[in-house]
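Here are a few exercises to work through with the model open in your viewer. Try each task before you read on to its solution.

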Amino acid sequence: MNPAPLLRKAAEPGATTLETEVLIIGGGVTGAGIMRDLALRGIHAILIDKRDLCAGASGGNHGLLHSGARYVSNDLHSARECRQENELLKRMAPQCIEQTGGLFVAVEGDEPQFAEQFPILCRQAGILCEELPVAEAKRIEPHLADKLIRAYRVPDATVDPFRLALENVDHSRAINGSLYRPHTEILDFQRAGGEIRAAICRDNRSNSLLTIRAGQYVNAGGAWAMNIARLAACTDVHLLYSKGTLLISHDRLTHHVINRLRPPGDGDILVPGGTVSVLGTTSIRTDDLENVRPTVAEIDVNIREGMAMVPALAGARYIRAFSRVRPLLQSTGNTDDRGAARGFVLLDHKDQGLNNFCTITGGKLTTFRLMAEKASDLVAARLGNHQPCATAEVPLPHGESCRWTEPGAAPKYWFKANNPDDMILCECEMVPQSAIDQIVQCAPGVEEEMTLEAIALRSRAGKGPCQGSFCGIRICSYLYDRGYYRDSTGLRHMRDFFNERFKGQRTVIWGQQAAQMELAEALHCGLLGLDSLENA
Amino acid sequence: MKDEPRNFTTKLAIIGSGIAGFAASIFAVNRHIATAQIGNTGAVAYTTGYLDLLGKMDAATDAVTDPWQALEELRKKQPNHPLSRVPVADIHRGFAEFTAFLGECGIAYSDPGDHNITALTPVGTLKKTLCVPATMAVGPRAFAARMVCVIVDFIGLKGFSGREVVANLRDRWPELSSQRIAFPDMPHGELYPEVMARALEVPATREKLAEALKGAAGPAKIIGLPAILGMHCPDHVRAEMERLTGLEIFEIPTMPPSVPGIRLRELFEQVLPKRGVTLIPQQKVTALTFDDNGATLCLSDSYGPIRVQAQAVILATGRFLSGGLEAHPQGIREHLLDLPVTQPADRDLWYRERYTDPRGHAIHRAGIEVDGAFRPLRRDGQPYNAGLFAAGIILAHQDWIRGRSGAGIAIATAFRAVAEAERFIIARA
């Protein structure tokens, strides 16, 4: 088994060819999970994404590790899958998970019958569900509404999808040199004789072409899976797109995950994450995969619904909002997108005349490992590899350079290291210089010129209340100091970083955030002139 | 025990301690008007030291080289802009008076000239401004003449990188290089410009730094530093450093809160009381009412409630950062008097999609309306009160951030507001 890819110059100058056993397209948690599953079976893979890890739904969700209780009323199969994977992941990847527990709460006006059925359905799915007296629920969660009428506790937890993806990719690299390439976009497939011979890709930063030859090709493109399948002339992937918008509060309002005990709707779930809470979500049919942004209307509806469970949401300070697209498997006659099964589907494309291409799509964050297992089983069998899946037995190791996404990791580290020369660059999240050094040197996906956005993805820099307004400047000047930037590229990255952060802030700028943004814009545009770099 | 309010009476009360508020106090002092000034002085510390009159007209035009010419165009294109409603002669006089006052009090500034100065930023971009502190003046001159120069930065000072400045200017200023040194007696840990500036008020520190600077300069005769040349007497500190090193030295502003902004705040807080202004710098006015006798301002400090009676009031409370305006999800409010705020119809229109869109964001153009005498208007279009005036960036129809016109708007409108307030006070006498 050849552990390292071969780099070969093809006939045309400037084009490069890489070879591997499996090409995985899509750097969400599923793609990253497949990469590791295959590596554990001794199979080498290259993972590509046209942007970076978790750029799709994997990076835009609540971070909820479902107990499964949310699906007992409309999708018992998914509910059971979630329960199993929830228990498994808590053992396999504890460093990515906070075991918060979850509550399902009904308030005055919610259907009493739904609340009655709930524990019965949970039992059917094998999900632990314990009724709490309302007074007890309010004792353990003081922010719950006074008009609470019912409460149940379930084993929900929270999970960091960024860290999951990073750790999976990092472990794959350690096992057999499997490779992750960000900003690498699939343009076309070369098909011949019932198989795909090569994938033609483009590096979107350098604009250079890249050919990847593999034995097997896996489409883990999430919402983009239909588009990618069509490049291979496969017409058997049918997806609808549903946009969801969530918002992040400055303060962590609850210890547990709080779910609304009613048929799924907007603003139903409030999930804690480190020092913040995440409120969502909406579900709006969309055709646009690329330009999804939060709208003021979605923000307002999330807050209006959420405040019925947790009134403090009405006056909370929000630091940003974000939107992503969920792929929904199209089924006929079903007009309610939330009712559409959130199960996943694995297509082997045999009836499309291909024997080395498969697509895995649908599903949810909680079941990523299972999705990866199913896809890897198919791929391995097609390669004649009979190693069984090991991801349910081999725990995910802690990658040194992957830990910086964990809330609180940076301050703990800095405090223990007690090194006065290791300066704090992001003061909201206490991210020190050494973390930045480590990330630019060895984090998964590291490359010649990492953008500030890529560094932020691999750390918590910019995730605090200032959303990078100050630390973006400090990190950028630090990178100039290190010789990493040598010309105005650094300024453009800094501008792009602020523009990217702003997409999340735009719809939640009021109160203190408005004051914060005024200062930030005065600094970035008024003083530094980042709004007129081209004309400078 | 309820404290008895301390009462006192004055002619003019200025609410707000930003550039507009302080400029108004200076103009009032120069005209011998009994004045009280109240307000939290946070925002001034965030200024860079540069005094911008007008740096950019709009997205379509380049940075402004001749602000006086640009003001003529602004008058035609944006007649509602606060700068369009102040005679150019007054703007010039306002800047001259403001900078003269600062010079008398120990922070020399360049006189307002015919053209903007192309000044340096901490990341190596360029910025147009009208007046620079004397401690910064050599920088633009050295840049314009492409003189050999070394930017010196310090181990442990984050957010200021000499390499960054050089990297971004190297195409236009190849004679620029950088060196990093340790600051005397601060070899470890994080450094803060404020601490360094105060340390340089001590002769011994200056001597040590001078030695290090001479080493770093090499063959260059000009050195650029982050803004750390003293807190109270920056001109003296700079002169001393130049004497000790035999070099020309200039400062570049750092990220806020930066020393030049803190210098201004401390200067105002020390000098204005000596010139007769009753200054209450750390408190906010909680209530403002008007009756036939004039205005009553309510506030309190740690000793208890205070009541100020004044004949005229200038509202210079700023925008969101200083609390003059509040952004609520339902709309923008002026909270002290609930003055009507001209604003976009919907929160969705406050900000464009792209943060650095050159056209700027509509939220910044929101603000209160004033008449020709700079009196805030009620909903019916009438002045709220004959004795109430407003100045500074709380006014609508301007974007001080993208226009690079914060100090310009503050000084120009404060000049007019004080003139009108004076007229009002005299008429009542």
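**Exercise 1. Work out the strand order of the five-strand open sheet in chain B, and say which strands stand at the edges.**

Step 1. Keep in mind that this is a predicted model. The five strands run in the order S10-S3-S2-S14-S19 (chain B), forming an open sheet with parallel pairing.

Step 2. Now for the edges. Strand S10 (278-280) and strand S19 (388-390) of chain B each have a single partner strand, so one side of each has no neighbour in the sheet.

Step 3. Going from one strand to the next, the twist averages 15 degrees.

Step 4. Zoom in on one pair. Strand S2 (residues 12-15) and strand S14 (residues 312-315) of chain B are joined in the parallel sense over four bridges. Within that pair, Ile14(B) sits opposite Ile314(B) in S14(B).

**Exercise 2. Find which strands of this sheet helix H1 and helix H10 of chain B touch, and give the angles.**

Step 1. Start with helix H1 (residues 19-30) of chain B. It packs on the sheet and touches S2, strand S3 (35-38) and S14 of chain B. The direction of H1 makes about 170 degrees with that of S3(B).

Step 2. Move on to helix H10 (residues 406-428) of chain B, which also packs on the sheet, touching S2, S14 and S19 of chain B. Here the angle is taken against S14(B), and comes to about 165 degrees.

Step 3. Put the two lists side by side: S2 and S14 of chain B turn up for H1 and again for H10.

**Exercise 3. Describe how the two domains of chain B meet.**

Step 1. Get the bounds: domain 1 covers 6-105 + 262-428, and domain 2 covers 122-252. Their C-alpha centres lie 33 Å apart.

Step 2. Look at the contact. Domain 1 of chain B puts in 16 residues, against 13 residues of domain 2 of chain B.

Step 3. Ask which elements are involved on the domain 1 side. Helix H3 (88-104) and helix H9 (259-274) of chain B are the ones giving two or more residues. The largest share, three residues, is from H9(B).

Step 4. Sort that side by class, and you get eight nonpolar, four polar and four charged residues.

**Exercise 4. Trace the pairing around strand S15 of chain A, and decide whether its faces are covered or open.**

Step 1. For orientation, chain A has 14 helices and 25 strands, and 58% of its 536 residues count as buried.

Step 2. On one flank, strand S3 (residues 22-25) of chain A pairs with S15(A) in the parallel sense over four bridges. Val22(A) stands opposite Gln216(A) there.

Step 3. S15(A) also pairs with strand S23 (residues 357-362) of chain A, in the parallel sense over three bridges. In S23(A), Cys358(A) is the bridge partner of Val218(A).

Step 4. Side chains in a regular strand alternate between the two faces of the sheet. In strand S15 (residues 216-219) of chain A, Gln216(A) and Val218(A) are on one side, with Tyr217(A) and Asn219(A) on the other. These residues are all buried, and both faces are covered.

**Exercise 5. Which helix gives the largest share of the side of chain A that touches chain B?**

Step 1. Size up the contact: 42 residues come from chain A and 39 residues from chain B.

Step 2. List the elements of chain A giving two or more residues: helix H12 (471-481), helix H13 (489-505) and helix H14 (512-527).

Step 3. H14(A) takes the prize with ten residues. By class, the whole chain A side splits into 23 nonpolar, nine polar and ten charged residues.

Step 4. Check the geometry of H14(A). Its 16 residues reach 21 Å from first C-alpha to last, close to the 22 Å expected at 1.5 Å a residue.

Step 5. Check burial too. Of the 16 residues of H14(A), 13 are buried, so this helix is largely enclosed by the rest of the structure.

Step 6. Finally, look just past the helix: Gly529(A) follows H14(A), with a positive phi near 75 degrees.

Key. Residues are numbered from 1 along each chain as its sequence is written. Chains are lettered from A and ligands numbered from 1 in the order in which they are written. This is a predicted model: local features need pLDDT of at least 70, side-chain atom pairs count only at pLDDT 80 or more; totals for chains, interfaces and linings use all residues. Two residues are in contact if their C-beta atoms, placed from the backbone, lie within 7 Å. Ala, Val, Leu, Ile, Met, Phe, Trp, Tyr, Cys and Pro count as nonpolar, Asp, Glu, Lys and Arg as charged, and the others, Gly among them, as polar. Domain bounds come from an automatic or database domain assignment. A residue is buried if 20 or more other C-beta atoms lie within 10 Å of its own, exposed if 12 or fewer, and partly exposed in between; C-beta atoms are placed from the backbone. Two strands pair if DSSP finds at least two bridges between them. Axes are lines fitted to C-alpha atoms, for helices over the stretch in contact, and angles run from 0 to 180 degrees between N-to-C directions. The expected span of a helix is 1.5 Å times one less than its number of residues.
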